[in-house]
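Let's take a walk through this model together, with an eye on its charged side chains and its overall build.

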Amino acid sequence: MRKIYDIAIIGAGPAGIATSCEAIIFGVENILLFEKSDNHSETIRKYFNDNKPVDKDWKGIKVELEGHIDFKDGTKETTLDLFEDSLEKKLIDAKFNTEISKVIRVKDKFKVFTSTNDIYYAKNIVIAIGKMGKPNKPSYKIPSSLRSRANHTIADCKGNEDVLVVGGGDSACEYAYFIHQDNRVTFNYRRDEITKAHPKNVKNLMNCAEDKEIELKLGIDIEKVEDENGKFKVYYTNGEISKYDRIIYALGGVTPKEFLESCSVVLDEKGNPFVNEKNLNSQGVYLAGDVAGSIGGSIALALNHGYNIIKDGVVYSEHHEAQSA
Ligand SMILES: Cc1cc2nc3c(=O)[nH]c(=O)nc-3n(C[C@H](O)[C@H](O)[C@H](O)COP(=O)(O)OP(=O)(O)OC[C@H]3O[C@@H](n4cnc5c(N)ncnc54)[C@H](O)[C@@H]3O)c2cc1C
């Protein structure tokens with residue numbers, strides 16, 4: 001007889017980890033947690049620089065934590081330790097290096113297809129894949145000869161380079177601030193003011209700009225980029241032209257609509273996923289974390305989604321099913 005799990009959770013970032021831990025706490029033990037990379041929290045590992053301060057109220061948005069994971073202001077390292085600990089304590093054995101390719105609804109359950117060619121069955125699906133699997137790209141073309149130096153993180157920055165950081169959110173501010181001591185940094189945002197980032201990050205950036213440690217190019221956009229002797233030749237909309245060794249695009253992520261559709265998620269007429277207050281999209285299909293919202297999420301919001309899904313969604317509906325049986 002094939003085993004039917006209560007929940008299959010796709011993605012072991014904050015949302016997937018919270019969903020699995022809350023499930024165990026509420027007595028739903030028959031769960032699966034899939035992660036495509038070789039460890040949990042791939043977004044944090046890849047996009048957060050070492051020692052990055054991690055804010056609970058990210059972007060200044062206050063979130064009351066509802067669930068059982070005690071997440072506080074800390075650093076990249078303390079946040080990863082917290083999630084490592086949470087998985088270990090609840091004895092959750094995530095299936096790493098296992099990418100989910102599609103999920104098909106078969107009557108009252110779901111058939112889950114993996115990159116390892118194994119097939120699993122579950123009564124509920126929680127999609128917690130985040131948005132950073134598909135980072136936003138600029139609309140103009142990047143010459144193929146320069147692509148390896150057009151990055152979405154600062155991981156490849158070598159030091160002593162002319163680096164252009166493009167974006168207007170917290171990641172862009174943090175990246176520019178983090179690398180400015182070892183590089184010559186220019187910060188470009190198409191709007192005149194940085195309104196989307198945490199005031200602390202804007203202050204750090206502005207102080208550096210005042211001290212001429214970072215050059216600001218606000219209120220102008222980039223028209224095109226060419227390769228000139230191995231450097232990025234950047235044409236700005238105000239007619240300025242500058243050259244850089246590297247460009248960091250910190251433009252956030254895209255909702256992976258095609259993937260969601262192939263996972264039995266119902267999309268609205270504009271092709272966007274939607275959820276109700278229990279994070280439910282359609283019978284048995286839940287979305288958690290960044291992928292559940294149209295605007296940027298946060299770790300605290302992702303943790304609350306996991307709690308909601310288990311307490312108000314899966315556990316609530318199982319209880320009602322049992323009562324009506
Ligand atoms: C540079 C940067 C700085 C940030 N700083 C903060 C901060 O200080 N505080 C804060 O609260 N938030 C911060 N955020 C936002 C925060 O990282 C996200 O809101 C949070 O990680 C969302 O969690 P998630 O679980 O929804 O998705 P993610 O963290 O993106 O996790 C998704 C997981 O799913 C996996 N996955 C994807 N596709 C599949 C698949 N098909 N099969 C299996 N696994 C899959 C991925 O590998 C990943 O591990 C920051 C974001 C960035 C980019």
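Lys59, Arg190, Arg191 and Lys196 come together on the surface as a patch of positive charge. This is a predicted model, so please read the values below as computed from it. Within the patch, Lys196 sits in the loop that runs between strand E10 (184-189) and helix H5 (199-210). Lys196 counts as exposed because its relative accessibility is 52%, and the cut-off for exposed is over 50%.

Charges of opposite sign also pair up here: the chain has 19 salt bridges. Three of them are listed below.

| Salt bridge | N to O distance |
|---|---|
| Lys231 and Asp162 | 3.8 Å |
| Glu215 and Lys217 | 3.3 Å |
| Lys233 and Glu228 | 3.0 Å |

The pair of Lys231 in strand E13 (residues 231-236) and Asp162 in strand E9 (residues 162-166) links distant parts of the chain, 69 residues apart. Lys231 is partly exposed, at 28% relative accessibility. In the second pair, Glu215 is partly exposed at 41%, whereas Lys217 is buried at 6%. In the third, Lys233 is buried at 17% and Glu228 is partly exposed at 25%. Through shared partners, salt bridges join Asp162, Arg184, Lys231 and Asp245 into one network.

What about helix H4 (residues 170-179): how many of its ten residues are buried? Seven are, so the helix is largely enclosed by the rest of the structure. Among them are Cys173, Tyr175 and Ile179.

Stepping back, the chain holds seven helices and 17 strands, and 50% of its 325 residues count as buried. Its radius of gyration is 22 Å, which agrees with the value near 20 Å for a compact globule of 325 residues.

Conventions:
Residues are numbered from 1 along each chain as its sequence is written. This is a predicted model: local features need pLDDT of at least 70, side-chain atom pairs count only at pLDDT 80 or more; totals for chains, interfaces and linings use all residues. Side-chain values use heavy atoms; hydrogens and water are left out. Patches are made of residues with over 30% relative accessible area and no salt bridge: like charges are joined within 9 Å, nonpolar side chains (Val, Leu, Ile, Met, Phe, Trp, Tyr) within 5 Å. Accessible areas come from the Shrake-Rupley method with a 1.4 Å probe; for residues, only the protein chains shown count as cover. A salt bridge is a side-chain nitrogen of Lys or Arg within 4 Å of a carboxyl oxygen of Asp or Glu. Lys and Arg count as positive and Asp and Glu as negative; His and the chain ends are not counted. The place of a charge is taken as NZ of Lys, CZ of Arg, CG of Asp or CD of Glu. Helices (H or I, at least four residues) and strands (E, at least two) are DSSP runs, numbered from the N terminus. Buried means under 20% relative accessible area, exposed over 50%, partly exposed in between (1.4 Å probe, protein chains only). The radius of gyration is taken over C-alpha atoms; the globule rule is 2.2 Å times the number of residues to the power 0.38.
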